[in-house]
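Here are a few worked exercises to go through with the viewer open. Try each task yourself before you read the solution.

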Amino acid sequence: MKHIVVLGAGRVGSAMARDLAPDFKVTVADRSEAALARMAASGIAVRKADLATPAGVQAAVADADLVVGAVPGFMGFATARAVLEAGRTLVDISFFDEDCFELEELARFRNLTAVVDCGIAPGCGNIILGDAARRWDRVTRFECLVGGLPVVRTWPYEYKAGFSPIDVIEEYTRPARYVKEGRTVTLPALSEPELLDFAGLGTLESFNTDGLRSLIQSFPEVPDMKEKTLRYPGHIEKMRMLRESGFFRKDRIKVGDVDVSPLELSTALLFPMWFMEEGDEDFTVMRVVVEGEQAGRPVRAELNLLDRYDPATKTTSMARTTGYTATAAVRLVASGGFTRKGISPPEFIGRTPGGWAFIRAELAKRNVVFREA
């Protein structure tokens, strides 16, 4: 039985560990004793580890056959590099800012498979695009709309974070890149708001985020590509106000006799309001549209997802959709269904015959169902 080490015992990391435990030997590594205690209570092996240092990561994965990365984005790149330097296969969901292909030479030198950005978005949308590009003669347009939201809307933000809150703020501050008429366009995050209607949910607000990531490099031939995040109407303006007022700045400023980081102060105030309590229900909504040509005819695919909190397992929808995409990829890699060496963003799985069908089937087994329009 393969030994899988999950780095990070947060909401998504713990969901992945529980999902993998029936089929693999699973160990969860984290520095939080409280988080590890919760995992141990589920019957999963735990390991206290300092994942903020390469030495700590490498010690945590020393006996692993495969590693699942589930650390916050600001730690993700260094963690992935440490895993590869330790000679371990990797499936990673961390939303790190760095270019994943900077690790390509290392992964190839070590002859390792490393699947990165393998959550719901980036993740499933990439796989769907890769699958369409494999089957069609040409792809002309790709659009991914996605959001995770609480069922109960609570003033003032009407939002709770289904994954690392610091990564949510990254979505609001990183410049957003998309492709229009063959050119990469960069705009501020939260730009170009649109109101869109979704069946069973009503009206949501979309805005630009930097969700295309590796797709810009992987599909230079696709002339139009865009990814937008969804929130309840009104959320964008509040986040823009905070950002433009400097509350998300990372540098330190002097307030009286104290040096303060605006971002650290903001997170200290915001995160308790965004924290999902036990039993808080959420949902994930996603719409992926791909257009192109096949045999001289226009073709179009639209896949929709509406997933909800699972009260039976007390698992949030964001943990389900993000985590189970990654665990499906783990099963694909572990079974020999995906063997490419080097850094592989999720679209490379989609380009592999049967890749999307495998991921989709694994998600459906867990009642995460994509439906054609």
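**Exercise 1. Find the hairpin and describe its pairing and its turn.**

Start with the turn: β8 and β9 form a hairpin with two residues between them, and Glu-181 in that turn has a positive phi of about 50°. Strands here are DSSP E runs of at least two residues, helices are H or I runs of at least four, and both are numbered from the N terminus. Next, the pairing: β8 (residues 176-180) and β9 (residues 183-187) are antiparallel, with five bridges. Two strands count as paired if DSSP finds at least two bridges between them. To check the register, look at Arg-177, which sits opposite Thr-186 in β9.

A note on the ground rules: this is a predicted model, where local features need pLDDT of at least 70 and side-chain atom pairs count only at pLDDT 80 or more, while totals for chains, interfaces and linings use all residues. Residues are numbered from 1 along each chain as its sequence is written, and side-chain values use heavy atoms, with hydrogens and water left out.

**Exercise 2. Work out the surroundings of strand β1.**

Step one is burial: five of the five residues of β1 (residues 3-7) are buried, meaning under 20% relative accessible area with a 1.4 Å probe, protein chains only. His-3, Val-5 and Leu-7 point one way, Ile-4 and Val-6 the other.

Step two is the partners. On β2 (residues 25-30), β1 pairs in parallel over five bridges, and His-3 has Lys-25 as its bridge partner. With β4 (residues 66-69), β1 shares four bridges, again parallel; Val-5 faces Val-67 and Val-6 faces Val-68.

Step three is the connection: β1, helix α1 (residues 11-20) and β2 build a right-handed β-α-β unit. Right-handed means that, with the strands pointing away from you, the path from the first strand over the helix to the second runs clockwise.

**Exercise 3. Lay out the sheet and place α4 on it.**

Write the order down: β3-β2-β1-β4-β5-β6-β17, an open sheet of seven strands with parallel pairing. Its edges are β3 (45-48) and β17 (342-344), each pairing on one side only. Neighbouring strands are turned by 20° against each other on average, direction ignored; axes are lines fitted to C-alpha atoms (for helices over the stretch in contact), and angles run from 0 to 180 degrees between N-to-C directions.

Now add the helix: α4 packs on this sheet, touching β1, β4, β5 (89-92), β6 (113-115) and β17, and its direction makes about 160° with that of β5. Contact means heavy atoms within 4.5 Å.

**Exercise 4. Is Thr-79 buried or exposed, and what is in contact with it?**

Locate Thr-79 in helix α4 (residues 73-85). Thr-79 is buried, at a relative accessible area of 3%. Skip neighbours within four places in sequence, and the contacts are Leu-7, Leu-51, Val-57 and Val-71.

**Exercise 5. Map the nonpolar cores.**

Use this rule: a core is a set of buried Ala, Val, Leu, Ile, Met, Phe, Trp, Tyr and Cys residues joined through side-chain atoms within 4.5 Å. The largest has 65 residues, and those touching the most other members are Val-28, Phe-142, Met-225, Met-286, Val-290 and Phe-370. Helix α11 (residues 317-334) supplies the largest share, nine residues. Apart from this core lies another, of 26 residues, including Leu-7, Leu-51, Ala-64 and Ala-80.

Technical notes
Buried means under 20% relative accessible area, exposed over 50%, partly exposed in between (1.4 Å probe, protein chains only).
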